[in-house]
Each structure stands twice: as C-alpha cells, then as structure tokens.
Amino acid sequence: RPNPIGLSLAALLHVEGGTLLLGGADLIDGTPVLDVKPYLFHDAPAGATVPSWCAARSDASRIASVHFTAVADAQLAAAVADGSLRFYTDL
C-alpha cells in the first residue's frame, strides 16, 4: 500500500492494566498499534456495541460537513495539480 500505516476497525475484547486485547483487526502478529480511538457512529459496523458511557448519540456526534481554510484548499489543489498527491484510483 502507498502508506505504511494502516487503519483497521477492531473490537476491544479486554483491558488488563495498560494492555488492550483487540480482536477482529486485519493485522499480522507483531504489527505495532500506534493509536486506538473510538469510532464514530457513522463508521460503526452493523451490530456493533459500545459501553454505556459513550453510547449517547446527539446531533453533535454527526459530521454534517467538512470545511478547509483557503490556504489548505489551495495547498490541496496544488498537490493534486502537480501529481504529488495520488488517490487509490490513480494507482
């Protein structure tokens, strides 16, 4: 893959001290896990469950739109135009 850092949805199976046991991730043995974050509801697979302390849904938990600053938008357009930014469809 073009980026050596992957993204995978995993189930948190167990917590023991500072150790998390994850399941269902598409990792091979020994793969380092760089970060663990809860998923947003729109990313959740069917049948997923969450702990009661994070189960509350509100309009604030939904992403309605994403806006870029003028500088970020110009940098993105320049990266696309000069070919330094490639999308998976370009590979």
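These are my notebook entries on what I looked up in this structure, which is a predicted model.

**Entry 1: the overall plan**

I started with the secondary structure and found one helix and two strands. Reading from the N terminus, I noted the order β-β-α. Then I looked up how much of the protein is covered: of its 91 residues, 2% are buried. The accessible surface comes to about 8200 Å², and carbon and sulfur atoms account for 60% of that. I also checked contacts between residues at least 6 apart in sequence; 15% of these join residues at least 24 apart.

**Entry 2: the two strands**

Next I turned to E1 and E2. They pair in the antiparallel sense, and I noted five bridges between them. Together they form a hairpin, with two residues between the strands. Gly17 sits in that turn and has a positive phi of about 65°. For a handy landmark across the pair, I picked Leu12, which stands opposite Leu22 in E2.

Is strand E1 largely in the open or covered? I looked up its six residues, 11-16, and the number buried is zero, so E1 lies largely in the open.

**Entry 3: the helix**

I moved on to H1, which covers residues 70-81. This helix has twelve residues and reaches 16 Å from its first C-alpha to its last. That is close to the 16 Å expected at 1.5 Å a residue. After H1 comes Gly83, and I wrote down its positive phi, near 85°.

**Entry 4: a nonpolar patch**

Which residues form a nonpolar patch on the surface? I found Leu12, Val15, Leu20, Leu27, Val33 and Val36, with about 520 Å² of accessible area together. So that I could place one member, I looked up Val36: it is in the loop between strand E2 (19-23) and helix H1 (70-81). Val36 counts as partly exposed because its relative accessibility is 47%, and the partly exposed class runs between 20% and 50%.

**Entry 5: a salt bridge**

How many salt bridges does a search of the whole structure find? The search gave me one. As a reminder to myself, side chains of opposite charge can pair when their charged atoms come close. Here the partners are Lys37 and Asp35, with their closest N and O atoms 2.3 Å apart. I also checked how open Lys37 is: its relative accessibility is 63%, so Lys37 counts as exposed.

Conventions:
Residues numbered from 1 in each chain as written. Predicted model: local features only at pLDDT ≥ 70, side-chain atom pairs only at ≥ 80, totals over all residues. Heavy atoms only, no water. Patch = residues over 30% accessible without salt bridge, like charges linked within 9 Å, V, L, I, M, F, W, Y side chains within 5 Å. Areas by Shrake-Rupley, 256 points an atom, 1.4 Å probe, with all protein chains shown as cover. Salt bridge = Lys/Arg side-chain N within 4 Å of Asp/Glu carboxyl O. Helix = DSSP H or I, 4+ residues; strand = E, 2+ residues; numbered from the N terminus. Buried < 20%, exposed > 50% of the residue type's maximum accessible area, 1.4 Å probe, protein only. Contact = heavy atoms within 4.5 Å. Pairing = 2+ DSSP bridges. Expected span 1.5 Å × (residues − 1).
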